[in-house]
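Me: I am new to this structure and would like a close look at a single part of it. Please take one helix and go through what surrounds it, step by step.

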Amino acid sequence: MNAAKACWGIYRELTHSPGRVDDDGAILKSVGDALADRGFSVELVSADTADAAFETPHANIFAMCERGPVLDRLKAAEKAGSIVVNSADAIRNTYRHRMVELFARHNVSAPLSHIVATDASKLRPAAGVWVKRYDFHATQPDDVIYTASEDGWHEALRRFAGRGIPFVIGQEHVAGDLVKFYGVRNGARPMDENWFEWFYHRDKGMMGHSFQAGRLRQASFHAAAALGLEIFGGDAIIRPDGEPIIIDLNAWPSYAKYRDRAAEAIADCLIERFRRRPRVVSQM
């Protein structure tokens, strides 16, 4: 086997794909198929059966996994010379407490967010607040709770504390139209030539605020760069004045609405990354 043409894809953990297991699996398989069409030998594995990927020197790895211990192994593989997309650091940067800090540091257009201990009696930071667990993206419905009253705020804190979650993110509500976006940040291309799509969420009562799609693209890629993500997706609010506000960003979404086109763009990005050695890690 040509080692330079061998690669591993690691599925997201099932507990981190609530309601999206099939879609998350489908995009990884589609990317694997696109790489195979380009002459690569591809093996798709779960995070619990990825020893060969972690232990093969200078491996090519594309990963959707998110748990800390698995990211530790990915980080060790990177240090040993493997190429990992998204990188372990970038995936970990999507943990919400890190995201809040990095967005602030890099002036990403995002709602004001507060890291709050769940055992605190702190007053709610705004009239409307989205209370989100401080680390992972939602693994169950109660991981994101909207509160519009002081009682609701404290009840949300109690519910997270009861689950053993020590901190939450209190994200101030931003009024406007909710949109979802997907992107692939291929460093070998100018930003405006990278693959990007967006669409309105269903059943969200859109007002249809006028905005420039180019501004959404720019804001999304700026947010992805702040976290070090290459394969990314997220949510934004389009304010009445047309300003896009990034409210969430994650590593390697399902791309379900655009799976075939996304898989081709991701495969192109991966091939470029696998050829570009050694990896230069930006210091965020």
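Reply: What follows is a look at helix α8 and the parts around it.

The model is predicted. The mean pLDDT of the protein is 89, and 93% of its residues reach 70 or more. One stretch, residues 279-284, has a pLDDT below 50. That stretch still has 11 contacts in the model beyond near neighbours in sequence. Where pLDDT is low, the predicted coordinates should not be read in detail.

Helix α8 covers residues 259-275. From its first C-alpha to its last, α8 reaches 24 Å, and it has 17 residues. The span is close to the 24 Å expected at 1.5 Å a residue.

The buried residues of α8 are A262, A263, A265, I266, A267, C269, L270, I271, R273 and F274. These residues pack against several other elements: the strands β1 (6-10), β3, β4 (83-85), β9 (177-184) and β11 (231-238), and the helix α1 (21-37).

One of the buried residues, C269, has a relative accessibility of 0%. The sulfur of C269 is in no disulfide because the closest cysteine sulfur, in C7, is 13 Å away, too far for a bond. A disulfide would need the two sulfur atoms within 2.5 Å. C7 is likewise in no disulfide, and C7 is buried too, at a relative accessible area of 2%. The whole structure holds 0 disulfides.

Next comes the loop between β12 (244-251) and α8, where W252 lies. A search of the whole structure finds 16 aromatic pairs, and one of them joins W252 to F62. The two rings are stacked, at 6.0 Å centre to centre with 25° between the planes. F62 belongs to strand β3 (residues 60-63), so this pair ties together parts that are 190 residues apart in sequence. F62 is buried, at 0% relative accessibility. W252 is buried as well, also at 0%. Strand β3 thus comes up twice here: the buried residues of α8 pack against β3, and F62 of β3 pairs with W252 in the loop.

Other aromatic residues form a cluster, in which ring pairs link Y182, W195, F199, Y255 and Y258. F199 has a further partner in K257, which lies over the face of the F199 ring at 5.3 Å from the ring centre.

Conventions: Residues are numbered from 1 along each chain as its sequence is written. This is a predicted model: local features need pLDDT of at least 70, side-chain atom pairs count only at pLDDT 80 or more; totals for chains, interfaces and linings use all residues. Side-chain values use heavy atoms; hydrogens and water are left out. pLDDT is the predictor's confidence in each residue, from 0 to 100. Contact means heavy atoms within 4.5 Å. Buried means under 20% relative accessible area, exposed over 50%, partly exposed in between (1.4 Å probe, protein chains only). Rings of Phe, Tyr and Trp (its six-membered ring) pair if their centres lie within 6.5 Å; planes under 30 degrees apart count as stacked, over 60 as edge-to-face and the rest as tilted. Helices (H or I, at least four residues) and strands (E, at least two) are DSSP runs, numbered from the N terminus. A charge sits over a ring if NZ of Lys or CZ of Arg is within 6 Å of the ring centre and within 35 degrees of the ring normal. The expected span of a helix is 1.5 Å times one less than its number of residues.
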